[in-house]
Amino acid sequence: MHPVVKLIAQRLSLGLLLLLAVSVLIFVGTEMLPGDVAQAILGQSATETALRNLREEMGLNQPAITRYFQWLGGILQGDLGTALSNKKDIATEIGARLGNTLFLAFWAAAISVPLAIGLGLLAVRYRNRWPDKLISGVTLATISLPEFVAGYILMYLLTVKFRIFSPISTIYDSMSFAQKLNAIALPVMVLVLVVLAHMMRMTRAAILNVMQSAYIETAELKGLRPLTIIARHAFPNAIAPVVNVVMLNLAYLVVGVVVVEVVFVYPGMGQYLVDHVTKRDVPVVQACGLIFAAVYIGLNIFADVISILANPRLRHPK
Amino acid sequence: MRDMADKPLLDIRDLKIEATVYPPGEKPKTMTLVHGVSLTVEKGKVLGLIGESGAGKSTIGLSSMAYGRGGVRITGGEIFVNGRDILKGGAQGLRELRGKEVTYVSQSAAASFNPAKRLMEQVIEASLVHGLMSKSEAEARAVGLFRKLGLPSPETFGDRYPHQVSGGQLQRAMTAMALCPKPDLVVFDEPTTALDVTTQIDVLMAIKEAIRDTGVAALYITHDLAVVAQVSDDIMVLRHGRLVEWGTTDQIINKPREDYTRALVSVASHEHAEKPSAGNPVLKVEAVTARYRSVPIDVLKNVSVEIEPGHTLAVVGESGSGKSTLARAITGLLPPMRGQMIFNGRKLSNDLAGRTKEDLRELQMIYQMADVAMNPRQTVATIIGRPLEFYFGLKGSERDRKVQELLDQIEMGKGFADRYPAELSGGQKQRVCIARSLAARPKLIICDEVTSALDPLVAEGILNLLLDLQKQEKVAYLFITHDLATVRAIADSIAVMYKGQVVRYGAKSDVLAPPFDDYTDLLLSSVPELRLGWLEEVIAHRKMESAGN
């Protein structure tokens, strides 16, 4: 078997194992919370009999380990359970929300990743000169600004001062694609500002590291242009560290956008999670936690796989 | 056209080069590396630049492309290539020059090729960037050069990645890369220094023939006079950034005018008289077989050697022959699968964890790379004091006194105790490593290529120090090296290793006396000799190919 296939298979199975461990943690964590679902449904004033009946009905009096496997078995078949607060099927609810979150994350990534890498390349080309300092300065300023501040400033400028966009980013199925894009323009901008600096600086650092190599000198002595050297000789060798940071930021775009969703009233996973935490809706919290963990682990494995594929020593063994 | 023909290809006039260095804890200093050197190279001629490290030879070589490494910059003089002052051409002018008129072959081709690109793409890149030929023409030329340089399956060689070919092949590929754009001048910067002697000879011959067949002019930079004598028409000797002597190759090696040149010519001709047998061996290695995990090949096959107290056993062979693996097996870092080792009359545990503190103390090691064998954040006193504390529990003034004693022994004297490794020269660093191993009062020191990274004159000093210390302390050395001159200068007995086996073993006088087995013959005949025509003679008389090229 090709060693790369073996390595990737290893990473994938490790990822699955990790996900299983996370599911245990999530289950144990919610198990340790005071009270249980029956208590949550019936409220503080419920009688002992009522609680007992309900527990019986929901299977809560079975041992935790049995319930864990029932829960896990359900998830594997696509059944995430029913929300306590509104009795709706969690899978369908999350389906729509996750779609919205991914839509937002996709556009934020589609803009920020090429922009960050391009700016990183430019910063290396004009290292320690004004373009480098300007890029570093501006991106650092935007990352230092909390998302809600950036969000409100942009909202003030682009919806109040200049009426270009709508301050509410809620999207519906009935909207056309263009309308949807128009609606999410503001949150996408905020997210781009938040993740840009990290990726840009990592790209810059990784390429600068490679620029010390002897083969960069070889390229210079061939009479190549500086930008050609950076793009053709330095960047391919800096892919692994850059991809790792890009994936961390993509994961953040999926699981960490609660604040932006709230600011712009965007119907995504974050808002859904926060709503149900306040309602103590344990099954929803468990399902969201598991999905976030899966996204995080999945993206990191993806980064690992790309790093493996980017390494010619692994791709073309002796 | 007459004008053009009369002008030298490369004409450097009164070149001055400076560099800014940043010593730790001090203000930046500006150092002059080259003090007004002038030279010319005619079309199709080869000029050898020779000197120790710090002589400025690489700096001068790179200046012919107006390139300076790190903080190095050209501060004075003129450099004409094809009659044009390249210092006045601006960035665009330099790009036109580099990779088109002048190309470069570095010492470490392994580091100079981009690991992420196929060889062919890199070899033809300069020709394409400068619009010298079409892609198919360039590829055809590259394949032709691969063939001329003796690379295996030249048609498909370019499809490989740098890590898929050997060091000797990479060095040839880099030569092909330099010749591909049909330059007027190639700068060869120690192109064979990093190779085994047996491989060096093949690469050297390939380079020599390529230079002859293409009619290109060359600057050939090396510290090895015997090597440069084989390829150059003229030789320039440099020291501390100044010209010492410049003449034809014949004149420099046969009738040197300057004392320094004479010292260079006579170096490495030391012979150490073999010591008589001293009875019970301090270390017996018995039929050791070892392999690395994950590689199902025996790297050591049934190796048996002995070292007597106060004697030196030299282990020679090319890279990959298992010399360093033998050291790892003896130190316990790589436990052998079969075989045993008797040290001082007691059986050594094969595994490092099973050894006593006494075993560890009496068996010390010195490495090739002194800089990476020391903690850069510790002073010399801390580095040397550590074994004194660890093995003998010495503390405070007692320890300091012993550290000073050791420093005196390695001829470094006062004022060095508080320095950091970065503030020492290469030779001084190696001396500190020697002092550190001596501090443990060992019975046996394993020296792994300890002089390979040093200049010849500095290396000679280290070898003499090791011999003196051996007389005083009665310590035995297991001396791993690929350099036969070093072996002659230090060994009492010799083990020749080839592909994991000891192919010849015995007292120095026996091993180095004919009749030879084929491999020892190859190894001995590959050591460059300082006379004209040596290279052609050796190539004509070879019985076998090197394993490592």
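**Exercise 1. In which loop of chain B does B:Arg441 lie, and what is notable about its phi?**

Solution. The place to look is the loop between H17 and E17 of chain B, where B:Arg441 is found. The next step is to read the backbone in this predicted model: phi of B:Arg441 is near 50°, which is a positive value in a residue other than glycine. The elements on either side of the loop can then be located, since helix H17 covers residues 426-439 of chain B and strand E17 covers 444-448. Helix H17 lies across E16 and E17 of chain B, and its direction makes about 175° with that of E16(B).

**Exercise 2. Describe the sheet of chain B to which E16 and E17 belong, and find its edges.**

Solution. Begin with the strand order, which is E16-E17-E18-E13-E19-E20 in chain B, an open sheet of 6 strands with mixed pairing. The edges are strand E16 (363-366) and strand E20 (501-507) of chain B, each of which has a single partner strand, so one side of each is left without a neighbour in the sheet. On average, and with direction ignored, neighbouring strands of this sheet are turned by 15° against each other.

Continue with the pairing at the E20 end, where strand E19 (residues 493-498) of chain B runs antiparallel to E20(B) and is joined to it by 6 bridges. In this pairing B:Met497 of chain B stands opposite B:Val502 in E20(B). Helix H21 (residues 518-526) of chain B packs on the sheet as well, touching strand E13 (312-316), E19 and E20 of chain B, and its direction makes about 105° with that of E19(B).

**Exercise 3. Locate the cis peptide bond that ends at B:Pro515.**

Solution. The bond runs from B:Pro514 to B:Pro515 and is cis, with omega near 0°. To place B:Pro515 in the chain, look at the loop between helix H20 (508-511) and H21 of chain B.

**Exercise 4. Work out the arrangement of the open sheet of chain B that contains E11 and E14.**

Solution. The order of this sheet of 4 strands is E12-E11-E14-E15 in chain B, and the pairing is antiparallel. Strand E12 (300-307) and strand E15 (346-348) of chain B are the edge strands, each pairing on one side only. Neighbouring strands are turned by 25° against each other on average, direction ignored.

For one pair in detail, take strand E11 (residues 283-290) and strand E14 (residues 338-343) of chain B, which pair in the antiparallel sense over 5 bridges. Here B:Lys284 stands opposite B:Ile342 in E14(B).

**Exercise 5. How is chain B divided into domains, and how far apart do their C-alpha centres lie?**

Solution. The domain assignment gives domain 1 (2-266) and domain 2 (283-513) of chain B. Their C-alpha centres lie 35 Å apart. The contact between them takes 8 residues from domain 1 and 7 residues from domain 2 of chain B.

**Exercise 6. Classify the packing of H11(A) with H14(A) by angle, and give the make-up of the contact.**

Solution. Two packed helices are described by the angle between their axes and the distance between the axes. For helix H11 (residues 239-255) and helix H14 (residues 282-310) of chain A, the angle is about 165° and the axes are 9 Å apart. An angle over 145 degrees counts as roughly antiparallel, and H11(A) and H14(A) are therefore roughly antiparallel to each other. Their crossing is right-handed.

The residues of H11(A) in the contact include A:Val243, A:Met247 and A:Leu250, while those of H14(A) include A:Phe292, A:Tyr296 and A:Leu299. By class, the contact has 17 nonpolar, 3 polar and 1 charged residues.

**Exercise 7. Repeat the analysis for H1(A) with H4(A).**

Solution. The axes of helix H1 (residues 3-32) and helix H4 (residues 64-76) of chain A come within 11 Å and cross at roughly 125°. That angle makes H1(A) oblique to H4(A), and the crossing is right-handed. Among the residues that meet are A:Leu20, A:Phe27 and A:Glu31 in H1(A), with A:Arg67 and A:Trp71 in H4(A). The contact divides into 8 nonpolar, 1 polar and 2 charged residues.

Terms used: Residues numbered from 1 in each chain as written. Chains lettered and ligands numbered in written order. Predicted model: local features only at pLDDT ≥ 70, side-chain atom pairs only at ≥ 80, totals over all residues. Heavy atoms only, no water. Pairing = 2+ DSSP bridges. Helix = DSSP H or I, 4+ residues; strand = E, 2+ residues; numbered from the N terminus. Axes fitted to C-alpha atoms, helices over the stretch in contact; angles between N-to-C directions. Contact = heavy atoms within 4.5 Å. Parallel < 35°, antiparallel > 145°, perpendicular 65-115°, else oblique. Left-handed = near helix turned anticlockwise from the far one by under 90°. Nonpolar A, V, L, I, M, F, W, Y, C, P; charged D, E, K, R; others polar. Domains from an automatic or database assignment.
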